[in-house]
Structures are given as structure tokens and as C-alpha cells.
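Welcome! Take a moment to look over the sequence and the model below, and then we can walk through a few of its features together.

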Amino acid sequence: MFKEYSDFMTAKEAMDALGIGKTLMYSLLNSGEIPAVRVGGKIWRISRKALSDYAKKVTN
């Protein structure tokens, strides 16, 4: 799943991959529902595996 994306993606790429909006994406990141790291205290990086795990969880 999401093989066309790199191993780590930006919040914008993750939003595009999931087909969700900015508000929901940042809500999921800030709550920890989608595990991610902040680089430099500002830029989110989400692993493709974390995004795939989240997508599987919400579709089951």
C-alpha cells in the first residue's frame, strides 16, 4: 500500500495518499493516532508503514 510514495513522507503527501484534508491530517498527527516525528520542531515526517497501518485499521 502507498508504494508510489517514499519511505517517509510529508504531511501533504500523507493527506494526498489518504484523500483527507489538512485539519483532519494534523488532528491525527497531533493526537498520535498516526505515529510520526517532527523534524526541527516543525516539519512532520510520516512513515509509509505507519500510514498503511492506520489505513488498514480504519478500513477494517
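## A look at the core and the charged pairs

Let us begin with Ile 34: leaving aside residues up to four places away in sequence, Ile 34 touches Leu 18, Met 25, Leu 28, Leu 29, Ile 46, Leu 51 and Tyr 54. Please keep in mind that this is a predicted model.

Ile 34 also has a place in a wider group. The largest nonpolar core has 16 residues, and Ile 34 is listed with Met 25, Leu 29, Ile 46 and Leu 51 as those with the most contacts inside it. Helices H1, H2 and H3 and strand E3 (43-47) each supply at least two residues of this core. Which element gives the largest share of this core? That is H3, with four residues.

Now to the charged side chains. Side chains of opposite charge can pair when their charged atoms come close. How many salt bridges does a search of the whole structure find? The search finds four. Three of them are set out here, with the distance from N to O.

| Basic residue | Acidic residue | N to O distance |
|---|---|---|
| Arg 48 | Asp 7 | 3.2 Å |
| Lys 12 | Asp 16 | 3.1 Å |
| Lys 49 | Asp 53 | 2.8 Å |

Take the pair of Arg 48 and Asp 7. Arg 48 lies in helix H3 (residues 48-59), while Asp 7 lies in the segment before strand E1 (8-9), so this salt bridge ties together parts that are 41 residues apart in sequence. Arg 48 has a relative accessible area of 23% and is partly exposed. Asp 7 is partly exposed too, with a value of 49%.

The pair of Lys 12 and Asp 16 sits within one helix. Both residues lie in helix H1 (residues 11-18), four residues apart, which is about one turn of the helix. Asp 16 counts as partly exposed, at 46% relative accessibility.

Lys 49 and Asp 53 are likewise separated by about one helical turn, because they are four residues apart in helix H3. Is Lys 49 buried or exposed? With a relative accessible area of 57%, Lys 49 is exposed, whereas Asp 53, at 36% relative accessibility, counts as partly exposed.

One last stop is Lys 22, which lies in helix H2 (residues 22-31). Lys 22 counts as exposed, because its relative accessibility is 57% and exposed means over 50%. From Lys 22 to Trp 44 there are 22 residues in sequence, and their C-alpha atoms are 13 Å apart in space.

Key
Residues are numbered from 1 along each chain as its sequence is written. This is a predicted model: local features need pLDDT of at least 70, side-chain atom pairs count only at pLDDT 80 or more; totals for chains, interfaces and linings use all residues. Side-chain values use heavy atoms; hydrogens and water are left out. Buried means under 20% relative accessible area, exposed over 50%, partly exposed in between (1.4 Å probe, protein chains only). A salt bridge is a side-chain nitrogen of Lys or Arg within 4 Å of a carboxyl oxygen of Asp or Glu. A nonpolar core is a set of buried Ala, Val, Leu, Ile, Met, Phe, Trp, Tyr and Cys residues joined through side-chain atoms within 4.5 Å. Contact means heavy atoms within 4.5 Å.
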